[in-house]
Amino acid sequence: MKAADLPLYYNAVNILEHNLTTRAGKVALYSAERELTFQQAANEVNRVGNALKRLDVRMGETVAILSLDCAEWVAAYFGVLKIGAIAVGMNTLSKPQEHAYILRDCRARVLIIHRALLPAIEPIRAEMDFVKHIIVIGGGPASGGDLDYAGWIKNESTELSVAPTHRDDFCCLNYSSGTTGEPKGILHAHKDLPITAQLWAVNVFGLRESDRTFATAKLFFTFGTGGNLVFPWYVGASCVLMAAPPRIAANVLETVTRFKPTILYNSPTSYAAILAMDDFQEKYDLSSLRMCVSAGESLPASIWHGWKERTGLDTIDGIGCTELWHIFISNKPGDIRPGSSGKPVPGYEVRIVDEDFNDLPRGQVGNLLVKSETTALFYLHKSERSRKTFVGEWLFTGDKYTVDEEGYYWHAGRSDDMLKVGGIWVSPVEVESAIISHPAVLECAVVGHTDSAGLIKPKAFVVLKDGHAPSDALARELIDHCKEKIAEYKRPRWVEFVPELPKTATGKIQRFKMRDG
Ligand code: 3UK
């Protein structure tokens, strides 16, 4: 499928609404809190759209969503799209200062937030210059000037005409972290949703109407928005949402047992956490699953085989990125090389090149470039950075890859110092500044280190100030110190005390010298 196959004036709410003619009464969304049919979902989307228009939200404006995965997240998302506005899916794990930056950068006037996340914005309320309306999901009377979501949409009409959006109009904005500096805003157009759904979910993965998806990747990641909302609804299938954190393996297994999905989208870290439980196959019922997906970081072959042995299920590992919206190199049911990312998804072109953009022969490791109609156009408010990443028609992914004689692609790390931990970006610089804020630390460097499951986790090399001696207790204290300063998944799992760090002549820390191997 190509963009030109879509109508010139296309709105991605069609992914929901095309279901109304033939399967309006089918359950579209399952969750512990609410269940919605396609008709109910469409009605609530229209109510939200009307309520947003009443707040004077216009085409092209942003609306921020900071919520656990729930029916209201979905209604808010498609409500925003339908009126031609741009949905900003915010990361629920971020700290208040990151929220403050993003709300300022995207200039959302309306913030739709889950009650459970209110503490994350209390400290920054005074800094939220652009936000004029806060809508609170999760029941109960809202405090101060905030509006309660249910009351806000209650008297709105379930009729709403779709905004005349161009297929190239932006519809969603996601923020992705970099090594230094602020997160990068990545905009996608309405066309990118059906194109990624068709090219990967239908043509490669074989998603079908009878499927029921469940993703541990949350809806604020495009991995989650695609895998667990846009793709199932594109083919008339249903999705299962879980508000609880996916870090806890029991939450994931209980949800599978209770809601019986056929497809599980998961990260390698979460597969490893489940495999670490001795008796999960006996305690939980995974018999509804027919196929699993892994993305966000590389899936080691040992985890692929461990999962196959214990569950009998095949896992499709595919690499995606926010800049392309979804998966662009993937294994395929019936054609899997455990440990590899598979082959380019038809519709995406890829190249492996040296530092001067010359194509490299098979077997050599180089920089991965991708060409696609779904590539974002730029990073919002970051022209310098954009020019380095969006090189003509090619996207510089920052990933190192090699392709074997049979055409399978193998991930060989990153060309920057960024780490993917549990499928989520971690900047070594951010972890280093958390560690350096401890009074015993002179300087430090954070790099990726492979754990016993073959997964990358942060490791800190620390130089202590005079008068402080290395000890296990101090190592633990530094890790606890990080937990207070930054999101917990970013904390170092190991601390190694060293007398000095390797540096360039100009004093720049050479993190690559401390990596494994
Ligand atoms: C890494 C992988 C090896 C790689 C994503 C599926 O992860 C997603 O998007 P992000 O923008 O990160 C992109 C980067 O993550 N990566 C992702 N998947 C794999 N590395 N094997 C993999 N299977 O460094 C890539 O550049 O957070 C994943 C769908 C949508 C997504 N946004």
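**Exercise 1. Sort the residues of the shell around the ligand into nonpolar, polar and charged.**

Step 1. The shell divides into seven nonpolar, eight polar and five charged residues. Ala, Val, Leu, Ile, Met, Phe, Trp, Tyr, Cys and Pro count as nonpolar, Asp, Glu, Lys and Arg as charged, and the others, Gly among them, as polar.

Step 2. Know the model. It is predicted: local features need pLDDT of at least 70, side-chain atom pairs count only at pLDDT 80 or more, and totals for chains, interfaces and linings use all residues. Residues are numbered from 1 along each chain as its sequence is written, and side-chain values use heavy atoms, without hydrogens and water.

**Exercise 2. Find which elements supply the shell around the ligand, and which residues come nearest.**

Step 1. Helix H9 (222-234), strand E14 (315-320) and E22 each give at least two residues. Helices (H or I, at least four residues) and strands (E, at least two) are DSSP runs, numbered from the N terminus.

Step 2. E14 has the largest share, four residues.

Step 3. Asp317, Gly318, Thr322, Asp399 and Lys420 come nearest among the 20 residues around the ligand (near: a heavy atom within 4 Å).

**Exercise 3. List N and O distances between ligand and protein, then state how much of the ligand is covered.**

Step 1. Start with ligand nitrogen. One such atom is 2.7 Å from a side-chain N or O atom of Asp317. A backbone N or O atom of Ser298 lies 3.4 Å from a ligand nitrogen.

Step 2. Take ligand oxygen. The side chain of Lys420 has an N or O atom 2.8 Å from one.

Step 3. The protein covers 97% of the 610 Å² of accessible area that the ligand has on its own (Shrake-Rupley method, 1.4 Å probe).

**Exercise 4. Place the salt bridges of Arg414 and Lys82 in the chain.**

Step 1. Get the total: 28 salt bridges (a side-chain nitrogen of Lys or Arg within 4 Å of a carboxyl oxygen of Asp or Glu).

Step 2. Arg414 pairs with Asp399, closest N and O atoms 3.2 Å apart. Arg414 is in strand E22 and Asp399 in strand E21, 15 residues apart. Both are buried (under 20% relative accessible area; exposed is over 50%, partly exposed in between; 1.4 Å probe, protein chains only).

Step 3. Lys82 meets Glu17 at 2.6 Å, N to O. Lys82 is in helix H4 (residues 71-82) and Glu17 in helix H1 (residues 14-17), 65 residues apart. Lys82 is buried at 3%; Glu17 is partly exposed at 22%.

Methods: A polar contact is a pair of N or O atoms within 3.5 Å; within protein, one must be able to donate a hydrogen and the other to accept it, and residues adjacent in sequence count only if both atoms are side-chain atoms.
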